[in-house]
Amino acid sequence: MRRLSPDTLTSRITIAISLLAALAAALFIGFALLAAFKADEAALAKQKILVRQGLSALATSVSREQESVSVWDEAVMRTAANDRLWLAENLARWMHRFFDHDRSYVVDSRDNLIFAARAGRAVEPPTFLKDEAAAGEVIAHVRAQLKNRRGEVGGEAMVPRFQINGSDVREIDGRPAVVSARPLLPHSEQVSVPEGEEYIFVAVKFLDGPAKEEVAHHSLISDLRYISAQNVVPPPANVPITWRNGHRIGYFVWDPDRPGNTLIRQVAPWGAFALVIAFAVGGWQARGLRRASSELHASEARARHLAYHDVLTGLPNRALFEERLDAILRRVRQGDGEAALLFLDLDRFKNVNDTLGHRAGDQLMREAASRLRETVGEAGTVARVGGDEFAIVIASDRPHETAGAVSERLVTALTAPFHLGEDIVHVGVSIGVATAPVAAICREELLRKADIALYEAKKRGRGRYQLFSDTMDDIVKQRQSVEADLRKALASGGELELVYQPLHSAEGVLTGVEALLRWNHPVHRSISPSFLITIAEECGLIAQIGDWVLDEACRTATRIPVPWIAVNVSPVQLRDRNFANRCLGIIAQHNIDPRRIQVEITEAVVIDDPEIAGATLRQLRAAGVRVALDDFGTGYSSMSYLRDYPLDRLKIDRFFVQALCEGEEGRAIVAAVIEMARALKLEVTAEGVETAEQHAMLRDMGCNEMQGYLFSRPLTAAVLAERFFPTNAEQRA
């Protein structure tokens with residue numbers, strides 16, 4: 001038997017070990033790739049759900065937004081009088097400014113076009129152009145509903161005129177758009193419109209504009225885009241867009257997140273780690289010898305660097321940035337070129353600090369600064385000017401084009417996930433751009449206008465850039481004017497009022513009321529509640545308004561023996577750690593049972609600040625105050641906070657109630673929500689019940705409680721007392 005040499009044996013052992021290692025590596029890589037594929041597949045499915053929900057919510061929101069002006073005495077009178085200036089301000093410019101409606105039309109009772117507007121500006125003479133076919137169909141749909149209503153027999157089966165609407169999704173000039181129509185009707189009995197003589201208000205909102213950005217923001221998708229369905233095979237990441245009759249017009253597509261692929265890229269560098277160790281040992285001694293000789297020089301350079309640079313990121317600080325900006329603006333004033341100023345703010349940075357801690361926030365800041373440096377390069381100066389705020393100044397002969405190109409690269413770079421130890425976070429960035437000398441040539445004014453543009457970028461959905469325009473300055477001034485009016489209204493107390501929407505049991509018995517805030521503005525009349533709350537949150541008045549609403553609701557509870565009154569709570573209010581104490585103090589001041597008060601929160605409350613929200617809600621509930629989760633299903637619905645947070649009631653959003661009569665899918669969703677709430681021992685309230693058919697379906701499904709126009713519109717306290725508690729009202733009289 002031949003004896004193997006040591007070298008041969010070593011070689012064979014080495015080969016055997018290498019083969020085993022290769023086999024193990026192959027198995028590991030195979031399982032890793034399979035897991036990555038499954039993770040990517042699950043991520044794509046979730047993104048499709050989020051995009052589909054977002055587009056569905058947008059498609060149904062246009063009609064609800066129209067309702068704010070279509071059921072209005074003054075709208076009926078002004079339209080009948082052909083007051084084009086009033087229509088341009090209140091139907092065109094108002095709907096474009098606050099709801100991003102792209103086009104508005106009004107036709108008379110014979111379907112003649114009497115008013116048209118695009119992008120908030122009236123078109124003279126009025127013309128439909130490429131919108132005519134789509135508008136004609138929804139107008140015809142509304143006319144048919146009005147005609148059918150006139151032919152119906154029986155009061156309960158008749159659909160109220162103010163609930164009639166028609167909408168569809170169409171492709172107009174290669175772009176997807178929601179086309180919605182509503183009749184213009186009075187909201188009081190002081191004005192009447194004969195049946196068959198209704199004017200129709202038509203709105204067009206393109207889905208590939210700001211609406212698309214809003215869906216992309218909520219879905220955490222940076223490149224959502226629309227493609228037409230003609231001769232196109234869509235990529236896997238797509239959501240189809242169809243007409244009401246099922247005809248497919250196109251797709252929203254995007255490049256999907258690939259968390260599995262990202263994980264593979266994370267694991268790969270470990271294969272090279274051993275080589276790095278070997279080189280590190282060899283260079284250890286050499287570095288030690290060089291270290292002592294360079295320390296003195298480094299300390300001197302460090303002192304100079306710290307005077308003009310941010311300690312955390314190493315970027316220029318505000319002082320150095322302003323020096324360089326002033327130098328560039330001096331050249332601009334002398335006619336030597338132009339410049340662009342970019343203001344950047346990291347989106348969702350506070351969430352990282354709150355959930356992962358300040359150390360993770362610091363690491364995120366350093367990595368974000370590194371990406372900014374790499375993206376901008378030598379084209380301009382990047383500086384950190386605040387907590388999560390950065391600024392960039394670029395000297396260029398074409399500042400608009402340069403700033404746009406750089407901003408797009410920055411949005412892409414900062415949308416990519418950040419790896420903070422074992423955690424992966426997504427933040428994104430909002431950018432405001434102002435150019436010199438077009439916007440301003442002095443530093444303070446240029447900074448102010450870039451900040452205004454940044455605010456506009458955040459308002460339009462974040463994860464984007466916005467170039468300053470004079471219109472933004474006008475809007476800021478208008479919002480400041482509304483804010484001043486709101487402060488006066490709070491001081492006087494004469495313009496704000498509460499109305500009460502009754503809630504009924506399945507058998508029709510009054511169970512409670514929901515308090516709704518109304519602002520009777522002396523100029524704009526009835527201000528949209530959502531716009532009022534937005535302004536109050538931004539200017540710091542939401543706590544004062546919330547206290548006023550609760551105080552007024554408690555005062556009503558002392559006068560009217562309603563079982564309980566619900567008040568809505570803003571996420572901003574719940575971030576105040578003293579909120580529960582203030583609420584309980586107001587309730588105690590009126591000497592009423594806390595069980596007669598219910599606070600209604602949205603899903604955003606428990607998502608934004610879960611710890612503070614949980615502690616506050618537990619304190620309120622321990623004192624007897626009821627807690628309801630409002631608009632369930634319209635946000636990031638999760639079983640976890642239904643189980644972990646102290647809730648008494650779940651309110652099904654009106655979108656799902658309206659879907660009851662549209663097919664089996666809508667009924668299945670509502671039934672599932674009711675069964676889930678029952679399993680969690682929660683009461684269920686269905687919002688927006690408007691027909692007897694919806695009422696019957698919900699009752700058969702076991703829904704405890706309902707509210708909507710089928711039962712009653714919101715009532716003043718006096719009307720509420722007279723209708724439901726006449727004996728009590730007579731005694732008080």
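**Exercise 1.** Which residue in S12 is the bridge partner of Ala340?

*Solution.* The model is a predicted one, and in it we begin with the two strands concerned. Strand S10 covers residues 338–346 and strand S12 covers residues 389–396, and eight bridges join them in an antiparallel run. Within this pairing, the partner of Ala340 in S12 is Ile394.

**Exercise 2.** Place S10 and S12 in their sheet, and find the helix that lies across S10.

*Solution.* Step one is the strand order: the open sheet has five strands, arranged S11-S12-S10-S15-S16, with mixed pairing. Step two is to find the edges, which are S11 (381–384) and S16 (465–467), each of them pairing on one side only. Step three is the twist, which averages 20° from one strand to the next. Step four is the helix: H12, made of residues 443–459, lies across S10, S15 (429–436) and S16, and it runs at about 145° to S15.

**Exercise 3.** Work out why the buried residues of helix H22 are on the same side of the helix.

*Solution.* Helix H22 comprises residues 664–679, and its 16 residues reach 22 Å from the first C-alpha to the last, close to the 22 Å expected. Taking buried to mean under 20% relative accessible area, we find Gly666, Val670, Val673, Ile674, Met676 and Ala677 buried in H22. Because these residues cover an arc of only 165° around the axis, they are on the same side of H22. The face turned away from that buried side carries Glu664, Glu665 and Ala679, which are exposed. After H22 comes Lys681, whose phi is positive, near 60°.

Key
Residues numbered from 1 in each chain as written. Predicted model: local features only at pLDDT ≥ 70, side-chain atom pairs only at ≥ 80, totals over all residues. Heavy atoms only, no water. Pairing = 2+ DSSP bridges. Helix = DSSP H or I, 4+ residues; strand = E, 2+ residues; numbered from the N terminus. Axes fitted to C-alpha atoms, helices over the stretch in contact; angles between N-to-C directions. Contact = heavy atoms within 4.5 Å. Expected span 1.5 Å × (residues − 1). Buried < 20%, exposed > 50% of the residue type's maximum accessible area, 1.4 Å probe, protein only. Arc of directions from axis to C-beta.
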